[in-house]
Every structure is written in structure tokens, then in C-alpha cells.
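Visitor: I would like to go through this model with you, one local feature at a time. Please give the reasoning before each answer.

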Amino acid sequence: MKLYYAPGACSLASRISFHEAGRPVDFERVDIRSKVTEAGDDYTAINSKGYVPMLVLDNGETVTENVAILALIAECHPELGLSVPLSRTRLIEMLSYLSSELHIAFKPLWHSADEIENAEARQAVAERLKLIEDQLRDLYLFGPRFTVADAYLFVMLRWALAFDMPMSPALMAYFERLSERPAVRRALAEEALATLLPQHEHEFTIVEKAAA
Ligand SMILES: N[C@@H](CCC(=O)N[C@@H](CS)C(=O)NCC(=O)O)C(=O)O
């Protein structure tokens, strides 16, 4: 399998999940501005949506969209999913919220210079993070066990910190807990990313900003 990714982008959630699963995968970087891959190919010819992530399965089939890719990883590696009534539904419910409410709320912060729009985006992100915080159970989103949804939320919290958004002690503790996981550390190192823990200096580079 091969994952098309950009450093620090939402595709990081899939990389973390694959490492959590111990599943070897090839990774190919995409410059999401120029749409050129690491191999020098035109990414829009590979994925007409032009964004990451995209997963190429061993049989050549492709899967796009974070929700679909993360749900697939959990399907192949049930230890990264839930084991409660309505497991798949609850996982999709959370992944969809992260994608269509939280992830999307960041867009102006990445792409707009309009101060009012950015202030509204910050407010929207903060409200959504508060709602998620209220759902935090035990160590992770769904209890004592890490799931692919935690990988996605980790990436969103990294962005929130990078934009200097205030973070509650509970979310910060959760973020730190995730940052300590070997799979997360490995994924960050592979994408040459800082952990963004408060005790570390901010190293959110322009290269990384370009990723989202
Ligand atoms: N709906 C897509 C959105 C993915 C997305 O927003 N990817 C960003 C990086 S986080 C990207 O590649 N942006 C470049 C672009 O849209 O041209 C998904 O959930 O997978």
C-alpha cells in the first residue's frame, strides 16, 4: 500500500494509524501547492481531487477522504477501532465530526488573510474542541484504548497549538499523552515535525504551514 501525504497535513493521521497497527506502508510526499509528487509526477493525474491523503491499495484501488481511509484502517486492524454496541457507527460519527466540523473550521486560518474571518474560524474551532473535550473518556476519545479517531484529533490539536489557540488542561494532557506514543513520535520524525509541546520551542515552519 502507498499513502500520498504532505508533512503535517491531515494525512499524518493515517501515517500514525498505520504505525500504531504495525503495518508497513510506502509513503510518497506531495507538494500540495504545486501538485507535484516526490517522484516528480503530476498529482492531479494520480488523484483528481488534488488533495491528500490518498491511499493506494495493493490491488491498485485507491481510497481518498480521511474518514474513509481511517475507517478502513480500523476495519483491517480492529484493535484501532471500537468494541462497543454500534462500534462502526460510533467511529464514523466521530470521524465525520472531526472532518466535516473541526477540520473544515480551520480552513480560513490556512487560506485567508481576513481578520474577521480568522477570528470567526478561531471561535468555531474553539467551540468544536470544547464539545470534543466534553466527550473525552478516560485516556482517549473512546476510553482507555487509542483508536484511529485519536490520530485525527491529534493532528487537529497540533494545528490548534500551531495557531496559538488556547487549550484546556484536559485537552493539553490528552495531546501530551498522544505525543508520547511511539507511533506518533515516529510519524512526526518521519515528517520532520516538532511535537509542539509547550516545553518545546515553536518550530512550526512555513514549509509546514504550506502543508495544509
Ligand atoms: N475532504 C478531504 C480534505 C483533505 C484536505 O483538506 N487535505 C488538505 C491537507 S490537510 C490538502 O491536501 N489541501 C490541498 C488542496 O486542497 O489543494 C479529506 O477529508 O480527506
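**Cysteines, backbone and surface charge**

Guide: This is a predicted model, and by the distance rule for sulfur pairs its count of disulfides comes to zero.

Visitor: How far is the sulfur of C76 from the closest cysteine sulfur, and why is there no bond?

Guide: A disulfide needs two cysteine sulfur atoms within 2.5 Å. C76 is partly exposed, with a relative accessible area of 43%, whereas C10 counts as buried at 7%. The closest cysteine sulfur to that of C76 belongs to C10, and it is too far away for a bond, the separation being 20 Å.

Visitor: Which peptide bond is cis?

Guide: Most peptide bonds are trans. The cis bond has omega near 5° and leads into P53, a residue found in the loop between α2 (43-46) and β4 (54-56). The bond asked for therefore runs from V52 to P53.

Visitor: Is L86 buried or exposed?

Guide: L86 lies in the loop between α3 (66-76) and α4 (87-105), and it has a positive phi of about 60° although it is not a glycine. Exposed means over 50% relative accessible area. Because its relative accessibility is 52%, L86 counts as exposed.

Visitor: Which residues gather with E117 in a patch of negative charge on the surface?

Guide: E117 has its place in helix α6 (residues 115-135), and at 36% relative accessibility it counts as partly exposed. Membership of a patch requires over 30% relative accessible area. The residues gathered with E117 in this negative patch are D114, E115 and E120.

Technical notes: Residues are numbered from 1 along each chain as its sequence is written. This is a predicted model: local features need pLDDT of at least 70, side-chain atom pairs count only at pLDDT 80 or more; totals for chains, interfaces and linings use all residues. Side-chain values use heavy atoms; hydrogens and water are left out. Patches are made of residues with over 30% relative accessible area and no salt bridge: like charges are joined within 9 Å, nonpolar side chains (Val, Leu, Ile, Met, Phe, Trp, Tyr) within 5 Å. Accessible areas come from the Shrake-Rupley method with a 1.4 Å probe; for residues, only the protein chains shown count as cover. A salt bridge is a side-chain nitrogen of Lys or Arg within 4 Å of a carboxyl oxygen of Asp or Glu. Lys and Arg count as positive and Asp and Glu as negative; His and the chain ends are not counted. The place of a charge is taken as NZ of Lys, CZ of Arg, CG of Asp or CD of Glu. Helices (H or I, at least four residues) and strands (E, at least two) are DSSP runs, numbered from the N terminus. Buried means under 20% relative accessible area, exposed over 50%, partly exposed in between (1.4 Å probe, protein chains only).
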